[in-house]
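Let's take a friendly walk through a protein chain. Have a look at the picture before reading on.

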Amino acid sequence: MPRSNRPRRQLPASSTAAGRNARRKWAAPAPEVDLDRARAGLPERESAADGEWSVRRITARNAAKEYRCPGCGQVIPPGIEHLVVWQEDSLFGRETAVADRRHWHARCWRIRPGSGQRR
């Protein structure tokens, strides 16, 4: 392929001083991954006497809204770590179950009737 006789566009002084590799997007350092935040987004599956459940942990940093816990009826304020739970074996399908998901205190979820665990 023949070379072009057009002059190259001028780059800012900061990028020319850093060299050719600094201009490439893959030469930039990779951002640090927050593993706790990444793991928190993945639901875990739980089996109990009351069915199959998907349980996702919400970290205090990601808890941005106020919710009411169905276990104790108390408010879960923003900034409090809690669980988001939906039923996997719903009669109305997965999409309906995800739409009906609920936010629980971790302790309330653990001691709920049908879980098979107590205090």
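What follows is a short report on the chain as a whole, then on one hairpin and one loop residue.

## Ground rules

This is a predicted model, where local features need pLDDT of at least 70, side-chain atom pairs count only at pLDDT 80 or more, and totals for chains, interfaces and linings use all residues. Numbering starts from 1 along each chain as its sequence is written, and side-chain values use heavy atoms, with hydrogens and water left out.

## The whole chain

You'll find four helices and six strands here, taken from DSSP runs (helices: H or I, at least four residues; strands: E, at least two) and numbered from the N terminus. Along the sequence, they follow the pattern α-α-β-β-β-β-β-α-β-α.

Of the 119 residues, 20% count as buried, meaning under 20% relative accessible area with a 1.4 Å probe, protein chains only.

## The β1–β2 hairpin

Strand β1 covers residues 44-48, and none of its five residues is buried. β1 runs antiparallel to β2 (residues 51-58), with five bridges joining them; strands pair if DSSP finds at least two bridges between them. Just two residues link β1 to β2 in the hairpin. One bridge partners Ala48 with Gly51 in β2.

## A look at Glu88

Where does Glu88 sit? It's in the loop between β5 (82-87) and α3 (94-99). Setting aside neighbours within four places in sequence, Glu88 is in contact (heavy atoms within 4.5 Å) with Arg45, Glu52, Trp53, Ser54 and Arg94.

How values were computed:
Buried < 20%, exposed > 50% of the residue type's maximum accessible area, 1.4 Å probe, protein only.
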